[in-house]
Amino acid sequence: MTSLREAVGKPVIVHETAEQAGEVRAFAVDAAAHRVTTLVVASGRSARLVDWDEIESIGPDAIIVRSTREAADDDRLASGALHPLDKRVLSDAGNELGAVRDVTVDESGSIDAVDAGDASVSGSRLRGIGSYALVVTADPSER
Amino acid sequence: VTVYLRTSEIIGLPVVTVAEGEDVAEIRDVVYAGEGGMLLGFTLNKRGFLRGRMREVLTADSVTAIGSAAVMIADAQECLVPAGDAPDAVGSPATERNVLGNAVLTEGGVRLGTVTDLVLAVGGRGEIIGYELQREGTKESWFIPRPEQIAVSGDALLVPASIEEYVSHDLSGFALAVGRYSSEAKSSEGSS
């Protein structure tokens, strides 16, 4: 399992050239698919994207990737709207569960769990994410 | 589970889309039927720095859930409709229904207090089920169930004397009082 919180700030190295593309600044989540799809890699003021499938390894000191791509035509990804860390967590019943402290994912990028402080939410409960909130299926006791 | 919320707690809540996680509007006011107390919908304000009234309204049918932190909807395009396309009650709500500040008197001539808030039961179809009152000269608040038979003048609400038996001091006691009231008093009011 990989902690997204721990991955933030790690250098991203492109395997073929051994060049550093930048540092991990954010992630993009596809809530309906319950997975992390993309890394947002910042280098100075510019950002590039790495699709999760292009990651070779996530090590303690660096993330090794096969390729990066331009961010321009994927504004919503690069803007951080789909970035889960520190985002407000709302249930689909309209109650606030907390803020995202960490997200754990497996090798394929599937979200195992979201740590929302007081509550731990299974990845399968994710319903939507945007600039305002991460929306999750309400616990049956909320209904 | 039925949750009781004051309308003042709902006003100002963000309206959030479930699938996009975006705050697309903010509750400006709660619109309900004068008779029956059924929740009809909401008028809306814009979010962010450019506040102010939105042209669109939200009907109760389009609400996925009302919680303590947000009003959830499926989709902004479908759920937020221009006021002109909404049922009149929601699109151009009557303003004389505002009972906040009105005195509550029983038919026995007892003044129970002044209306400071309305209590909305959330869960299933929303319904205004009672009033929060402030007793004159005190900081105490009281809750009374919304009676079936009620006369509203714009100055005062005239309620059955029997309502005095169902006054409660907090929302949890109020939940019990509403249940008791609807099984006992409403049936006897209906038969008299």
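## Chain A at a glance

Let's start with how chain A is knitted together: of its contacts between residues at least 6 apart in sequence, 43% join residues at least 24 apart. Keep in mind that you're looking at a predicted model. In terms of secondary structure, chain A has 2 helices and 15 strands. Buried residues account for 45% of its 143 residues.

How big is chain A along its principal axes? The C-alpha trace spans about 55 × 30 × 20 Å. There's a handy rule to compare with, too: a compact globule of 143 residues would have a radius of gyration near 15 Å, and chain A agrees, with 15 Å.

## A close look at Val8 in chain A

Now zoom in on A:Val8, which you'll find in the loop between helix 1 (4–7) and strand 2 (11–14) of chain A. Is A:Val8 buried, exposed or partly exposed? Its relative accessibility is 34%, and because buried means under 20% and exposed over 50%, A:Val8 counts as partly exposed.

Which residues does A:Val8 touch, once neighbours within four places in sequence are set aside? The contacts are A:Val24, A:Arg25, A:Phe27 and A:Leu85. Take A:Arg25 as an example: A:Val8 and A:Arg25 are 17 residues apart in sequence, yet their C-alpha atoms are 5.8 Å apart in space.

## Charged pairs

Side chains of opposite charge can pair when their charged atoms come close. Over all chains, the structure holds 14 salt bridges. One of them joins the side chains of A:Arg127 and A:Asp92, with N to O at 2.9 Å. This pair links distant parts of the chain, 35 residues apart: A:Arg127 is in strand 14 (residues 126–129) of chain A, while A:Asp92 is in the loop between strand 9 (88–91) and strand 10 (96–99). The two partners also sit in unlike surroundings: A:Arg127 is partly exposed, with a relative accessible area of 38%, whereas A:Asp92 is buried, at 4%.

Chain B has salt bridges as well. The side chains of B:Arg47 and B:Asp23 meet at 2.9 Å, N to O. B:Arg47 lies in the loop between strand 4 (39–45) and strand 5 (53–59) of chain B and B:Asp23 in strand 3 (residues 23–32), so this salt bridge ties together parts that are 24 residues apart in sequence. Here both partners are partly exposed: B:Arg47 has a relative accessible area of 26% and B:Asp23 has 23%. Another salt bridge pairs B:Arg55 with B:Glu56, with the closest N and O atoms 3.7 Å apart. B:Arg55 is exposed, with a relative accessible area of 59%. Finally, B:Arg6, B:Glu9 and B:Glu132 are joined into one network by salt bridges that share partners.

## Nonpolar cores

Which residues have the most contacts inside the largest nonpolar core? They are B:Ile10, B:Phe42, B:Leu44, B:Leu58 and B:Ile66, in a core of 38 residues. Strand 10 (residues 111–122) of chain B gives the most to this core, with 5 residues.

To see what such a spot looks like, pick out B:Phe42. Leaving aside residues up to four places away in sequence, B:Phe42 touches a list of residues including B:Ile10, B:Ile27, B:Val57, B:Leu58 and B:Ile66. One of the others it touches is B:Asp29. Apart from this core lies another one, of 37 residues, among them A:Leu4, A:Val50, A:Val65 and A:Ile111.

## Rings that meet

A pair of aromatic rings is described by the distance of the centres and the angle of the planes. There are 3 aromatic pairs over all chains. In one of them, the rings of B:Tyr4 and B:Phe174 have centres 6.0 Å apart and planes at 65 degrees, so the pair is edge-to-face. B:Tyr4 is in strand 1 (residues 3–6) of chain B and B:Phe174 in helix 4 (residues 171–191), 170 residues apart.

B:Phe174 also pairs with B:Phe143: their ring centres are 5.5 Å apart and the planes are at 35 degrees, so this pair is tilted. B:Phe143 is in strand 12 (residues 141–145) of chain B, 31 residues from B:Phe174. Both B:Phe143 and B:Phe174 are buried, with B:Phe174 at 0% relative accessibility. Together, ring pairs link B:Tyr4, B:Phe143 and B:Phe174 into a cluster.

Back in chain A, a ring meets a charge instead: the charged end of A:Arg88 sits over the ring of A:Tyr132, 4.0 Å from its centre.

Technical notes:
Residues numbered from 1 in each chain as written. Chains lettered and ligands numbered in written order. Predicted model: local features only at pLDDT ≥ 70, side-chain atom pairs only at ≥ 80, totals over all residues. Heavy atoms only, no water. Salt bridge = Lys/Arg side-chain N within 4 Å of Asp/Glu carboxyl O. Helix = DSSP H or I, 4+ residues; strand = E, 2+ residues; numbered from the N terminus. Buried < 20%, exposed > 50% of the residue type's maximum accessible area, 1.4 Å probe, protein only. Core = buried A, V, L, I, M, F, W, Y, C linked by side-chain atoms within 4.5 Å. Contact = heavy atoms within 4.5 Å. Phe/Tyr/Trp six-rings, centres within 6.5 Å; stacked < 30°, edge-to-face > 60°. Lys NZ or Arg CZ within 6 Å of the ring centre and 35° of its normal. Rg over C-alpha atoms; globule rule 2.2 N^0.38 Å.
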